[in-house]
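Me: I'd like to take a close look at one part of this structure with you. Could you walk me through it step by step?

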Amino acid sequence: MPNRLGLPNLGLGLGLRSQHFDHILKKSPEVDWFEVISENFMDSHGKPRYILKQIAEKYPVVMHGVSMSIGSTDPLNFEYLKSLKALAGEVKPAWISDHLCWTGVLTTNSHDLLPLPLNEESLKYVCDRINQVQDYLERPLIVENPSTYAAFKNSTIPEWEFLKIMTEETGCGLLLDVNNVYVSSFNNDFDPVTYINGLPHDKIVQMHLAGHQNCGNYIIDTHDREVNTQVWKLFQMTYQLASEASILLEWDGNIPAFDVYHTELLKSKKYMDPTFNEVANEIQYSDQEQVSNPLNVVSLELTGDSEY
Ligand SMILES: [Fe+2]
């Protein structure tokens, strides 16, 4: 079954975070590979890029972007792609990934991964842009499913079908974020198992895991804590279908000490075993936790609690 565009299984990886640079350089921890946020290094020719080059000499590295804006109505940004390609030339990543989303319009970067309507028109549009990017980068693009908080009335294609056709039309690969599937399924009321089953499993090159915050009637994809048990269970099921995909744990807020981060990643070994059984914890949530969340603003307006 494994195809993965012929790309290697790198094993279990961690996101490269500046808080851990010293530890990694001094201790050379036994991590299989690192994923770097491309934009953190593309325009830096100083110390961060020097450190990245040292790490890339010791470990396999993958470049993960957040600003390609493949779904935007803006023209593709070839200055951005030029910087991306130049960094790839230095770092020699195993692959380059970004998200099925748009991040801005009229040259303004929102620094958010925004959803797009999923229909025949957007599918053709996105496939055309992926083909242009792949031609320019001279390699397949690996595309990640985003976490979403709303759906469009003019969406006519389920996301998993959209991704499947996209891989067929362009030859791109998939970065399946299992946590994002869980978050989106909760927020948009679809079955995550139907989503996973509907994907082209042989095109899943990589998987993401991450922690989220359950706020009761919606989930925010916070990447600031351990992986939820429900997400581990979904990963366990998914791994049986897309085994030999490379696994990566994302952690972007409240970043813990390196060993804590690594220990959480290594839990994935348990869930790779289909017979492993752990009683699912009750989902933890709190209305008291403060999160940066535009929905809070909306609810204030709706309930009339706002003073404005
Ligand atoms: Fe992700």
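Which residues of β8 are buried on one side, and which on the other? Please go on from there to the neighbours of this strand.

Reply: Happy to! One caution to begin with: this is a predicted model. On one side of β8 the buried residues are G173, L175 and D177, and on the other they are L174 and L176, so that both faces are covered. Put as a count, five of the five residues in this strand are buried.

Now for its partners. Strand β8 spans residues 173-177 and runs parallel to β7, to which three bridges join it. Two of the facing pairs are easy to find: G173 of β8 stands opposite I142, and L174 of β8 is the bridge partner of V143. To get from β7 to β8, the chain passes through helix α6 (residues 159-170), and this β-α-β crossover is right-handed. Strand β9 (residues 204-209) also runs parallel to β8, with four bridges between them. Here D177 has H208 in β9 as its bridge partner.

Let's step back to β7, residues 141-144. This strand is also covered on both faces, with L141 and V143 buried on one side and I142 and E144 on the other. Strand β4 (residues 96-99) pairs with β7 in the parallel sense over four bridges, and there S97 stands opposite I142. I142 therefore has a counterpart in β4, S97, and another in β8, G173.

These strands belong to a wider arrangement. Eight strands close into a barrel, with parallel pairing, in the order β1-β2-β3-β4-β7-β8-β9-β12. Neighbouring strands of this sheet are turned against each other by 30° on average, direction ignored. Elsewhere in the barrel, β1 (residues 12-15) and β2 (residues 33-37) pair in the parallel sense over three bridges, and G13 has W33 in β2 as its bridge partner. Helix α4 (residues 78-91) lies across β3 and β4, and runs at about 170° to β3.

Finally, it is worth following the crossover helix to its own neighbour. Helix α5 (residues 120-137) packs with α6 at an angle of about 45°, and their axes are 10 Å apart. That angle is why α5 counts as oblique to α6. Their crossing is right-handed. From α5, the contact is made by L123, V126, C127, I130, N131 and Q134, and from α6 by F162, I165, M166, E169 and T170.

Methods. Residues numbered from 1 in each chain as written. Predicted model: local features only at pLDDT ≥ 70, side-chain atom pairs only at ≥ 80, totals over all residues. Buried ≥ 20, exposed ≤ 12 C-beta atoms within 10 Å, placed from the backbone. Right-handed = clockwise from strand over helix to strand, strands pointing away. Axes fitted to C-alpha atoms, helices over the stretch in contact; angles between N-to-C directions. Parallel < 35°, antiparallel > 145°, perpendicular 65-115°, else oblique. Left-handed = near helix turned anticlockwise from the far one by under 90°. Contact = placed C-beta atoms within 7 Å.
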